[in-house]
Every structure is written in C-alpha cells, then in structure tokens.
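This report looks at how two chains meet, and at a few charged pairs and one helix. Please keep the sequence and the structure in view while reading.

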Number of protein chains: 2
Amino acid sequence: MGRRRQRRRGGDEQAQAAVIEKIAQPVHGLPLYNLLDEDGVQLIHQKSMEVLAEVGIAFMDDPEAVGILQEHGVDVRDETAYFDEATVMEYVNKAPSQFTQIARNPANNVIVGGNHMIFAPVYGPPFYWTAERGRREAKLADFVDMVKLAYSSPYMTHSGGTIVEPTDEPTHTRHLDMVYAHLKYSDKPFMGSVTSANNAADSVAMAEIALGADAIRENPAMISLINISSPRRMDDRMLGALKVYARAKQATIIAPFIVSGAMSPASVAGTLIQANAEALAGIAFAQMVQPGTPVIYGTFQTTIDMKSGAPILGAPESQQTLLLSAQMARHYGLPFRSGGSLASSKIPDAQAAYESANMLQGTVAGRVNFVLHSAGWLEGGLAASPEKFLMDCEMLGMMHTLMKPVDISDEAQAMDSLRTVEPGGHHLGTEHTMRNMRTAFYQAELFDYNSAEQWEAEGKKDAVARAHEKYKNILKAYEPPALDPAVDDALTEFIAKRKTEIEPEF
Amino acid sequence: MGRRRQRRRGGDEQAQAAVIEKIAQPVHGLPLYNLLDEDGVQLIHQKSMEVLAEVGIAFMDDPEAVGILQEHGVDVRDETAYFDEATVMEYVNKAPSQFTQIARNPANNVIVGGNHMIFAPVYGPPFYWTAERGRREAKLADFVDMVKLAYSSPYMTHSGGTIVEPTDEPTHTRHLDMVYAHLKYSDKPFMGSVTSANNAADSVAMAEIALGADAIRENPAMISLINISSPRRMDDRMLGALKVYARAKQATIIAPFIVSGAMSPASVAGTLIQANAEALAGIAFAQMVQPGTPVIYGTFQTTIDMKSGAPILGAPESQQTLLLSAQMARHYGLPFRSGGSLASSKIPDAQAAYESANMLQGTVAGRVNFVLHSAGWLEGGLAASPEKFLMDCEMLGMMHTLMKPVDISDEAQAMDSLRTVEPGGHHLGTEHTMRNMRTAFYQAELFDYNSAEQWEAEGKKDAVARAHEKYKNILKAYEPPALDPAVDDALTEFIAKRKTEIEPEF
C-alpha cells in the first residue's frame with residue numbers, strides 16, 4: 001500500500017504509476033454461506049437428473065459430438081442426448097476439483113478452485129462508454145486500453161477474454177488481435193476465443209508460441225467460455241471450440257447463460273434445476289472428449305423485466321441463484337464461475353453501482369472461484385466502460401479485504417490498547433495503533449473521504465469524473481511487461497499468416 | 001405490486017399515489033451467517049468481561065446512575081463502574097429477546113427481534129442535499145418531507161427519529177416539532193428524543209396523548225437511540241434519557257458509535273470487544289432501572305481514513321464488524337441494531353451506492369433486527385437526501401426479496417415447464433410462467449431497464465434525476481393518514497404549553 005499512496009499523492013504520477021503493485025491471488029477465508037440443507041441439494045440434483053434422463057440436452061449440428069456421446073453410453077435420439085445419472089456422474093467425477101492456470105509471467109499463475117478466487121474483466125460488450133464520448137461501437141484500441149487497465153490493477157487477477165468486441169476489425173480475424181493484445185500488453189492469464197473450432201485452434205497455437213506447447217499441456221494457459229444456449233442446447237460452434245480446448249488440455253467454463261422467465265422457468269428453483277442439468281451435461285461431454293481436462297462449472301443468470309422483456313441485472317433472485325449454484329458446484333467438487341459487477345444501468349451512476357455491488361457481494365458470499373465480468377460492465381453487458389472498470393476495481397480491493405478470515409489473535413484483540421485508553425479518550429496514539437495503523441483498514445484510492453468543504457474546493461468531482469482522470473493517467477503511465485522479441489516476432493508472423501488464410505464467413 | 005405498477009404508468013400519478021401500499025414487515029428466512037465458531041464467541045465474550053471488570057465504564061455526572069449501579073452490586077470508583085460477569089449477565093438476561101413496538105396505526109406495529117427486520121430512515125444529519133439545491137442546513141420543512149417519504153414507501157417499516165436536524169427551530173424545543181411530525185404525517189412507529197431527560201419525558205407525554213398511557217406501557221410506542229460515548233463512557237444526557245425511557249417501559253437502543261482506530265483499537269476484534277462491553281454495560285444498567293424493559297443491542301462502527309482522520313463508511317472491515325456484532329447479540333438473545341445504507345460520498349453518485357450496498361448487504365446477511373439509517377444517508381451522516389432516500393428504498397425492496405427463504409416447492413421446481421419447452425425454445429408462454437410471472441421476480445420502480453435507445457429518447461436520466469422527479473411527485477400526491485382531531489388538538493396544546501415552559505440552555 002505504501003507504494004500506491006506515494007503514487008497517488010506524488011506530483012509525478014506518470015513516472016511512478018508504471019510500478020505495478022503485485023497483490024496475491026485472493027483467498028476466501030470466511031465460512032461458506034449455504035442456503036440449502038443436504039436434502040435441498042439432493043432434491044435439486046435429482047430433479048436435474050430427471051431433466052437429463054427424460055427430456056435431455058440437444059447437441060446440434062455436430063455429428064462428431066453425437067458420436068462421442070454414443071461411444072460413452074449416452075442415448076442420443078434426434079440430436080438430443082439423454083444422460084442417465086450413473087453416466088453423467090461418472091464423467092463429471094473425472095474433472096479435477098482444482099487446477100493451476102499458467103500465465104506468461106509465472107508470478108501471475110492462478111489457482112482455480114477451492115478457496116481461491118480470480119477476478120477477470122467484463123466479457124463480450126460490443127459498445128464502449130466513456131465519460132467524454134458516451135457510447136459508441138467498441139474498437140480494437142478500446143480493447144487494448146482495457147487490457148492495459150486490467151494489467152495495471154493490483155486487484156484484477158486475470159486479463160480476461162473478449163473484454164470488448166473490436167468491431168473495427170473483421171469478424172473472422174479479430175480473435176487473433178485479441179489474443180495478441182492479451183499476450184503483448186499484459187502478462188496475466190487470459191481466455192481463448194470460442195466462436196469456432198478454428199478460432200480455438202488459433203488461440204491454442206498462439207499460447208503454444210508464448211508459453212510452450214509442453215507447458216500448456218501440463219497446466220492450461222487458457223480458460224475459455226463455452227456458453228450453453230439455454231434451454232438445453234449446445235451448438236456446433238461452441239461444441240467445436242470445446243473439443244479443441246479439451247483435446248489441448250485447455251480449461252473451459254461450461255456455463256448456461258439464462259434470462260429466467262424466458263430461457264428457463266420463472267422461478268429460482270426451476271432455473272437452478274435446468275442450469276445444473278445443462279452445466280453437468282457439458283462437463284460430462286468435455287470429460288468424454290478428454291478425461292481429466294480442467295473445467296469450471298458455470299452459471300450466468302438474470303431475471304426479466306415483465307414490462308419490456310429486458311434482462312434485469314443485480315436482482316435479488318439472481319443473488320439467490322448465484323449462492324445456490326455455488327453450493328451445487330461445491331457439491332460436485334468442481335470449481336465455480338459466476339457473479340461479477342453486473343448492472344442494467346446504461347451509465348456508471350448509482351443504479352449501476354447498487355446493482356454491481358449486490359452481485360459482487362453475492363459473488364464473495366458464494367465463494368465464486370472464477371469471477372468473469374468482475375469490472376467494467378454496463379447496460380446488461382452491451383457496453384464496457386473504463387470508468388466503471390476502475391470503480392469496480394476499487395470494490396474488488398474491498399472484496400479482497402472482506403473475504404479475509406476474521407482475525408481474533410492476541411494482537412487483533414488489542415487488549416493493551418483497551419486497558420490503557422481512558423474513558424472518553426482516544427486510541428489514535430497508542431502503541432497498538434502505531435503498530436497497526438498502516439495495515440488495519442482498507443484504504444481506497446478512488447473513493448473520496450474528504451470533508452464536503454475540501455471536496456467542493458477540489459472541484460466537486462463525482463466518482464465517474466475521478467475514475468475518468470485516473471484511467472487517463474494510468475494509460476499515460478502504462479509500460480508493457482517485457483516480452484521476448486523472438487516470441488513477439490513469432491506471434492506477429494503467425495497472425496500475419498493466418499490473416500491471409502482465414503476466409504470470411506458470410 | 002399491481003397498484004404500484006398502475007401508479008407509475010398511469011397518467012394521473014398525483015391522484016393515485018396517495019394509495020399507500022402496505023407490505024408486511026420483512027422476515028429473514030435465510031440461514032444465519034456466522035463468522036465465528038463457538039470458541040470465537042466465547043473468546044470475545046471473555047475479553048469483554050475483562051474490560052468490564054478491570055477497566056470499567058464511566059457513568060459521568062449522574063450521581064443517581066452511580067447510586068443505581070451501587071445498589072445492584074456494581075463496584076463504582078471515581079464514576080467508573082467495574083462490572084463482574086455474574087452481575088452484568090444477570091441483568092442482561094432480564095431483557096426480552098423479542099417485543100412489539102406499537103404504532104398509532106396498529107397495522108404498522110412491528111416485532112423487534114428474532115427473524116424480524118425493521119427498516120428505519122437515516123438519523124441525525126444537520127444538512128440536507130437535493131439535486132436542485134445541493135447541500136444546505138436542514139429545516140423543519142425538510143424533516144416533514146422526509147417523514148412523508150418514509151410514510152409513502154412500502155419498504156420503509158418505520159418513521160425513524162431525527163431524520164434530519166431541523167436547524168431552523170430552536171435547539172431546546174425542536175424535539176417537540178419532530179415528535180409531532182412523526183405523529184401527524186405518518187402512522188408508522190417512531191423514535192423519541194434523547195438529547196436530555198426532559199426531551200425524553202416530553203416524547204413519552206406525546207406518545208401517551210397519541211397512543212394512550214396504558215397502551216404504551218404494555219408495549220413500547222418508542223424506540224430511542226442511546227449512544228455510548230466510546231471509549232467506555234456514558235454521559236448525563238444519555239443516562240437521563242435512558243432512565244426516563246426505561247421507567248416508562250419505552251424501548252431503547254444501547255449503541256456505541258465507534259470510529260475504529262480513534263474511538264476503539266485499530267482492529268476489528270479489538271473494536272468488537274470494546275463495543276460488546278459497552279453495549280452490555282448499558283443494557284445491564286437499563287435493566288437495573290427497570291427489569292424487563294425492552295432494549296436493543298446496538299453497534300455502529302466505521303473505519304478511519306489514515307490520511308484525513310475522516311470516518312470511512314461502507315468499508316469491508318465494517319461489514320465484518322457488523323456480522324460479528326450480530327452474532328454476539330444473538331449469543332446474548334437480544335434484538336440487534338446496526339447497518340443501513342451508509343456512505344461517505346457527498347452526493348448520491350456511484351461511490352455512495354457502492355458503499356450503501358456493501359453495508360446493506362451486510363445488514364441482511366447479519367439479520368439486523370432494527371436497521372437505522374436504512375435510507376437517505378450521505379456524507380458520513382452529515383447530510384440526508386430525498387433522492388438518496390428513494391434510491392435506497394428501491395434497494396430495501398430488493399432486500400425484502402433477497403431475505404425470503406429459498407422456495408424449492410413443487411411449484412417452484414417448475415418441472416411441468418422444464419418438461420414441455422423444446423431445446424432452444426422459450427418459457428415465456430408456458431402455463432407455469434403465466435401462473436408465476438407477476439410475482440416471480442422483484443420489479444423495480446426507480447431503476448431503469450429500458451434499451452439504451454429508449455433511455456436516450458426519454459432524456460438520458462440518471463438514477464438521481466429519476467429519484468428527484470419521483471420524490472417531488474410523491475410529495476405532491478401525499479395525503480396524511482387520518483388523525484383524531486381531539487388527539488391532534490391535545491398534541492398541539494401540549495407543544496404550545498411546553499414551548500412557553502422550556503428554557504433554552506446556553
């Protein structure tokens with residue numbers, strides 16, 4: 001913290017901001033918060049098994065996938081796979097409960113599973129909102145800026161994937177630009193492309209160049225997001241990418257993306273049953289492709305605005321669904337992905353913050369292992385914002401502290417201080433306070449604690465205005481992490497070659 | 001909810017808004033979230049007992065209080081009371097674990113304790129912030145506006161106390177105006193004045209006029225806030241008010257107000273030990289004055305900005321302290337007060353919302369029985385805002401939903417819907433959805449879920465702008481609850497008489 005303070009308060013902010021503070025991967029040290037008792041968990045499990053056995057999951061337009069399922073004893077009729085409990089659980093149980101994702105800087109390797117948490121940026125928005133320009137289509141330059149912001153935040157554990165869609169690059173080659181940006185402008189772990197088998201193969205090839213073909217098969221270098229098209233459907237693009245990653249021993253998140261009331265029943269329990277069935281089917285399939293391949297059990301759920309049909313982010317039912325899904329993932333001994341700083345609001349106003357905080361609090365209470373969308377999200381995921389990103393990072397800093405185990409050691413009890421301060425006196429100068437003041441409490445950088453008078457004198461800046469200044473300063477001061485020029489050349493050559501080879505799809 | 005929808009969307013908002021929707025007092029139906037194991041609870045208890053026995057609590061400038069303590073076996077030297085464990089616990093155990101606070105409209109009576117929660121407005125700010133005028137000293141008219149907003153919100157269970165300080169009224173009589181406003185403009189339960197014994201006696205007299213002298217001794221009509229001057233000190237004003245209320249069988253909250261690092265040690269555990277000792281001492285004293293008088297175990301804690309010395313609201317350590325204090329209160333079988341929508345930010349921006357949501361989430365996780373400051377708070381408690389009040393009320397609505405028990409009934413499982421919808425289909429028109437859609441998900445009023453295009457077409461209003469419009473509309477449409485003219489006359493006569501009697505203090 002000393003360095004951050006100095007950076008913030010020093011006059012020469014640009015020169016010093018390039019020192020990237022390292023903070024260890026957050027470890028959840030609080031008791032688990034389980035909403036269901038064991039009977040409740042069993043009930044959800046059994047109902048999911050009924051769904052898998054009796055109504056099944058469609059594996060669309062991918063005869064190879066159907067063949068794999070059939071070879072492993074799954075009954076497939078009309079592209080719909082009917083899993084019995086013994087089969088699905090046999091393969092789910094082959095998935096590791098914990099694994100390591102490697103980064104090109106080994107100091108940034110992360111543990112996935114158990115008490116470990118990973119914060120990754122927003123994923124997928126086609127729009128980019130800034131305080132100066134408002135909302136417009138996202139460009140590759142915005143993507144690069146967000147990679148740099150994620151690299152610069154001590155609270156961001158991961159570089160993420162499609163932080164924004166670079167809409168100024170051709171659809172069929174932009175995955176190359178995105179993977180390159182993650183490898184060039186950051187040295188944190190990242191996510192591969194999933195829009196097709198070929199894009200996944202390109203991602204694997206680039207990870208091999210940067211981290212080594214053998215190394216990435218020992219521990220995955222990518223975690224990639226395989227969304228299920230709820231209800232109960234996997235398409236050939238996602239299946240294609242999943243097969244490539246599983247065969248390359250790269251990790252995948254198998255995650256239904258559900259607007260309850262539209263893509264699942266209008267209830268928490270019904271949604272949970274469906275999402276559980278979907279995730280388990282995808283995970284079992286991944287294990288049939290490659291036993292032991294690392295996977296993450298995922299859930300992404302929103303409620304629905306009955307007026308407009310729009311998804312509602314940050315709703316109380318979503319917080320319950322998150323906690324329940326986390327409990328189911330723990331029941332199966334699988335790493336879990338959900339949560340994040342999700343919001344419906346179009347701008348980083350109070351609504352966005354309330355919504356994001358609700359979900360982020362649920363994320364910590366649920367001990368989510370992989371937190372996609374942990375910062376930068378706006379407008380139901382249609383927009384990303386650098387200001388929102390930094391405000392959310394401040395919250396992630398708080399969450400790093402919140403999840404620490406309660407310290408009731410002798411030093412924390414502070415009985416020496418309690419015995420010496422007179423009634424009505426103060427603890428400001430006690431020996432205990434002097435020993436602990438620097439580390440006792442989380443000290444925010446972006447949030448303002450000045451008096452109203454001081455705050456007015458400094459220009460009455462709201463959180464967005466401060467975040468805007470801060471993100472500009474971070475980008476000015478940014479320096480890329482060292483990258484072996486030979487690796488950089490090999491990556492750029494690979495990209496140049498692939499850009500001549502890949503045919504656009506129409 | 002139907003009525004609210006109609007009100008919002010109907011053209012004649014003013015005419016319909018006067019229909020105040022009634023929502024039952026929220027009941028917490030989720031599992032308890034305990035951060036300490038039984039050994040941890042015992043450790044904190046024992047260390048608090050050491051503080052009480054060995055360093056004691058000062059009872060300042062109140063010889064009667066000292067006499068009461070001595071009569072009940074407490075060792076008092078130099079105004080400092082040294083409590084042994086047997087004595088303090090004997091009297092703490094006389095406090096009821098649950099009681100009812102009555103309102104002048106019995107439909108608004110509330111249960112205090114157990115799984116029941118009460119949301120009350122912000123308490124104490126001398127400033128009032130609105131979007132149109134910014135920050136200025138609060139006036140009685142602002143106080144009345146806030147009483148009306150609290151009366152009009154279905155999610156606000158309580159009318160509160162000193163919602164803002166009416167600085168345009170004389171210090172020595174403004175308590176009369178405040179109690180009158182609660183009785184006149186609302187029919188929800190309220191809090192009495194605590195700034196002196198006389199103010200407390202006036203509050204009791206007015207409650208007797210409005211609710212009946214016998215009735216308020218059967219069940220308290222007021223819950224009043226007795227703050228301990230941490231560290232370890234009660235002054236004659238608070239003791240005076242406490243004695244009046246205890247003798248009149250009116251409920252009190254005994255609550256240390258602590259900035260950790262200044263008024264307690266710079267640690268969560270040290271703060272908890274001190275706060276626990278202070279609350280128990282105050283509660284034991286109240287029971288010595290009147291055995292069985294209803295009391296609430298309270299904690300209000302912030303961390304400190306090591307740069308400016310300012311309190312930090314919404315910090316992660318405060319969330320931990322809240323959860324730990326809640327667990328201690330449950331250990332003693334006492335109703336608990338803490339939490340709320342607390343914030344350091346000077347304006348209702350994203351910072352304020354993040355901070356408030358953090359504390360409100362902790363409030364629900366901690367199952368706080370009496371939530372003071374549940375809406376309207378800004379600037380570390382120095383300012384109240386009607387816009388912030390309504391935004392916080394939206395969050396309270398969400399919390400009403402969040403705390404409901406998880407429903408895993410047959411109907412919630414929705415197996416009929418899960419069995420009938422095809423892969424890739426949708427649940428929008430299923431019988432289950434039709435049966436459940438109106439009640440399935442919390443539908444916000446103030447939060448915006450429209451598309452970006454629609455939101456732009458409607459003027460790009462942020463949450464504060466929408467809240468501003470809404471509060472103006474609520475006040476326009478406000479109609480007071482019926483009040484017996486004889487009661488009203490008796491109250492105004494009492495106030496007129498007291499205003500001629502009370503001497504200003506200099």
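A salt bridge here is a side-chain nitrogen of Lys or Arg within 4 Å of a carboxyl oxygen of Asp or Glu. Arg135(A) forms one with Glu453(B), where the closest N and O atoms are 3.5 Å apart.

The model is predicted: local features need pLDDT of at least 70, and side-chain atom pairs count only at pLDDT 80 or more, while totals for chains, interfaces and linings use all residues. Residues are numbered from 1 along each chain as its sequence is written, chains are lettered from A and ligands numbered from 1 in the order in which they are written, and side-chain values use heavy atoms, with hydrogens and water left out.

**The interface**

Contact means heavy atoms within 4.5 Å. By that rule, 110 residues of chain B are in contact with 110 residues of chain A. The two chains bury about 9500 Å² between them, 64% of it on carbon and sulfur atoms. Buried area is the accessible area (1.4 Å probe) that two parts lose on being put together, summed over both. In chain B, the residues that lose the most area to chain A are Tyr354(B), Phe441(B) and Tyr449(B), together 9% of what that side buries.

Polar links are also present. Between chain B and chain A there are 44 residue pairs in polar contact, both at pLDDT 80 or more. A polar contact is a pair of N or O atoms within 3.5 Å; within protein, one must be able to donate a hydrogen and the other to accept it, and residues adjacent in sequence count only if both atoms are side-chain atoms. Helix α13 (residues 350–365) of chain B gives the most to the side of chain B that touches chain A, with 9 residues. Helices (H or I, at least four residues) and strands (E, at least two) are DSSP runs, numbered from the N terminus.

**Salt bridges**

The count is 50 salt bridges over all chains. Between chain B and chain A it is 8. Three further pairs are listed here.

| Acid | Base | N to O distance |
|---|---|---|
| Glu379(A) | Arg135(A) | 2.8 Å |
| Glu165(A) | Arg174(A) | 2.6 Å |
| Glu453(A) | Arg135(B) | 3.6 Å |

The pair of Arg135(B) and Glu453(A) crosses between chains, from strand β8 (residues 134–137) of chain B to helix α18 (residues 452–457) of chain A. Buried means under 20% relative accessible area, exposed over 50%, and partly exposed in between (1.4 Å probe, protein chains only). Arg135(B) is partly exposed at 25%. Glu453(A) is exposed at 51%.

Within chain A, Glu379(A) is buried, with a relative accessible area of 7%, and its partner Arg135(A) is partly exposed at 25%. In the other chain A pair, Glu165(A) is partly exposed at 22%, whereas Arg174(A) is buried at 13%.

A network of salt bridges links Lys47(A), Glu50(A), Glu54(A) and Arg419(B).

**Helix α11 of chain A**

Helix α11 (residues 268–289) of chain A has 22 residues. From its first C-alpha to its last it reaches 32 Å, close to the 32 Å expected at 1.5 Å a residue. The expected span is 1.5 Å times one less than the number of residues. How many residues of α11(A) are buried? The count is 22 of its 22 residues. At the start of α11(A), a side-chain oxygen of Ser267(A) reaches to within 3.0 Å of the backbone nitrogen of Gly270(A).
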